[in-house]
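Trainee: Could you take me slowly through one part of this model, the place where the two chains meet? I would like to see how the pieces there belong together.

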Amino acid sequence: MGRGSYRATDWAALRTSRKLSGDSTAVQIFDSKAANNSVRSNLVKTREARDNEDSPKSTPVIIGFDVTASMGYLAKEIATNALNNMITTILSKNAVTNPQVLCAAIGDVKSDRYPLQVTQFESDIRMVSQLMTLCLEGGGGGNGGESYNLLWYFASRHTVTDCYEKRKGKGLIFSIGDDKCHPELTRNDIFNAFADNVPYTVSNEELIREVSAKYDIFHLYIENDTVSDKEVFRYWNDLLPGRSCPIHKKDISLLSDLIVAIMLVNGGMTQNQALQGMNQDTAERIARSLSFIEIKKTYNNIISF
Amino acid sequence: MRNLNCKNCGSAMIYDVSSMMAHCRFCGTSYVLDHKDTDYFKTFYRQMIESSSKDEDRKQRDDSLWENADTMSFTTQEGQVIELKYLHFYSDKCADVFVTRRNIAFHFRAGMNDQAEHFRRMVSSLDYPSADTRALSDFFPRVTGAFVLDDGTSLLVINKREEEYPLRLFGKLGGRHIAWIISRLENLCCVLEYNGLVHPEIDLDTVYINPGNHTACLYCNWWSVERKNSEHMLTSADNLKGLRKTVKALLETEEVTPDTPQALLDFINSEPKFDAYEDFAYWDDLLIKAFGERKFIKMDTEDSDIYGKQGDS
């Protein structure tokens, strides 16, 4: 997978054919009542991000978003706006080389039928069309977290990338949601989500360390003006220091700008440099979020306890 | 906590239950702690208690407590460097144990990698009653790192909360403290019972407590945990004997005093009941006999004094 190029005309055609607009509801866009077998993580052996003539130096980019409870607005934003904006901005700013994007719907492995759904790595309009095949189960809730860690497990053990295998380079993972993450994946969790038999429970800290060999990981926490906002973000900041940032729900339309800005900072730019070229209003609104991103280059070499 | 090395052979010494003696497990040397050792212990204990108090200087004091921590580095087979900053260290039969701010690290001796595996398998096998999953799992280990080092030995790291310390560091405690610790240990034994497991090394090094919120956790030595009636024919009674032995070692006095009622001593000196559930019920009865029933006291306040927006009179 990953052949082809992203073209504005393809996006326009898809918007017309699927009647995508700001007025569309999440239910209209994501009309699958059950997850398609092709995207269910327990039926997917591996996803590949390979170099090809269109993408000679591919960079895998994984966008995982929370689809539990009332998170439909996030999926809608990604389908109708963020994904197209993100890919066009990545290409125009050369934020990463030859992006191949995989989208993932993240649920709750403790309660959902489809705790993780994953598309293919794609470089062209199929990244959006496949996104819309995902099922918004709307489960989860009430048990202290969602299963964002499934995305890290999947990326670590079920993706194969030329970026890593040929160049020892890293892809990017962005998870987005409004809750904490369950602290670990038990053997049952892993079997239910991936049909893998593993000997032990795997903690988030171990998973993060493991997946960090192949990917730089980030989490975007959506603030909702609830009393738990500070506590939940503090949790993420402890788990992924310098690699998590808040974004307010009312600023969700700026999601793609924030993701690209994080990519640029991850690539070595300062925050100010990453904000340049944006209109003033956008830059001001995402500056606070971006200020939480701090890339430490020694992240993988020294582990401190 | 000061590391004490044997003056005869140089290896790390193990403190005994009283914290007044240290022993070398390699050459057998015994050492009576002098006032410098005990003063150091007291200073650490005072700092620890202060850092657990909740006031505006707490963060600063927490940090200062860890400024004097010792460090240890390991290198993994992949070339990563693991740095431990620890305040308490001891050597156990399988591993050297380092207590860091938010973790406990076990460096297994050569040839002990199977014990590291067993530790993980036993912890992973824990299951909790569905009604109370989150709260109970907080009191058992969660492995946050497992590494093969460049010399082929294993390093296993588990999580702990910052305010949690091993019972050994608390010296002797009064009866009311002992009582809440017994209650929490009975909870832990019930989880072991539920899972059909026996932890034969429930002791001052394996149990960690948070004195601020009265919680206890069974974090260490899971390499010794077995299924009931398996290899060494261990039973629930072994968990409950460990409980009694642990609190007996903590008890300030075995004389009856207002703070150490007869019923408390009766429990500590009793034989374990058939299983942890029965034992917990037995303890509940003796707890009431020892300290009386909980009393609900009407406070001189109204709901309107407690609820309302800031600024409301």
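**Where chain A meets chain B**

Mentor: Let us begin with one pair of residues, A:Ile302 and B:Val81, which are bridge partners, the latter lying in strand S5 of chain B. This pairing belongs to a wider arrangement, since three bridges join strand S11 of chain A to S5(B), residues 81-91, and the two strands run parallel. Please keep in mind that the model is predicted.

Stepping back to the whole interface, 19 residues of chain A are in contact with 21 residues of chain B, and together the two chains bury about 1700 Å², of which 48% is on carbon and sulfur atoms. On the side of chain A, the residues A:Tyr200, A:Ile303 and A:Phe305 supply 44% of the area buried against chain B, which is more than any other three residues provide.

The polar side of the picture deserves the same care: 13 residue pairs are in polar contact across the interface, both residues of each pair being at pLDDT 80 or more, and the count of salt bridges between the chains is two. In a salt bridge here, the side chain of A:Glu205 meets that of B:Arg142, with 2.8 Å from N to O. As for the elements involved, helix H8 (204-211) and strand S11 (302-304) of chain A each give at least two residues to the side that touches chain B, and H8(A) contributes the largest share, four residues. Sorted by character, the residues on that side of chain A comprise six nonpolar, eight polar and five charged.

Methods
Residues numbered from 1 in each chain as written. Chains lettered and ligands numbered in written order. Predicted model: local features only at pLDDT ≥ 70, side-chain atom pairs only at ≥ 80, totals over all residues. Heavy atoms only, no water. Contact = heavy atoms within 4.5 Å. Buried area = accessible area lost by both parts, 1.4 Å probe. Salt bridge = Lys/Arg side-chain N within 4 Å of Asp/Glu carboxyl O. Polar contact = N/O pair within 3.5 Å; in protein donor to acceptor, adjacent residues only side chain to side chain. Nonpolar A, V, L, I, M, F, W, Y, C, P; charged D, E, K, R; others polar. Pairing = 2+ DSSP bridges.
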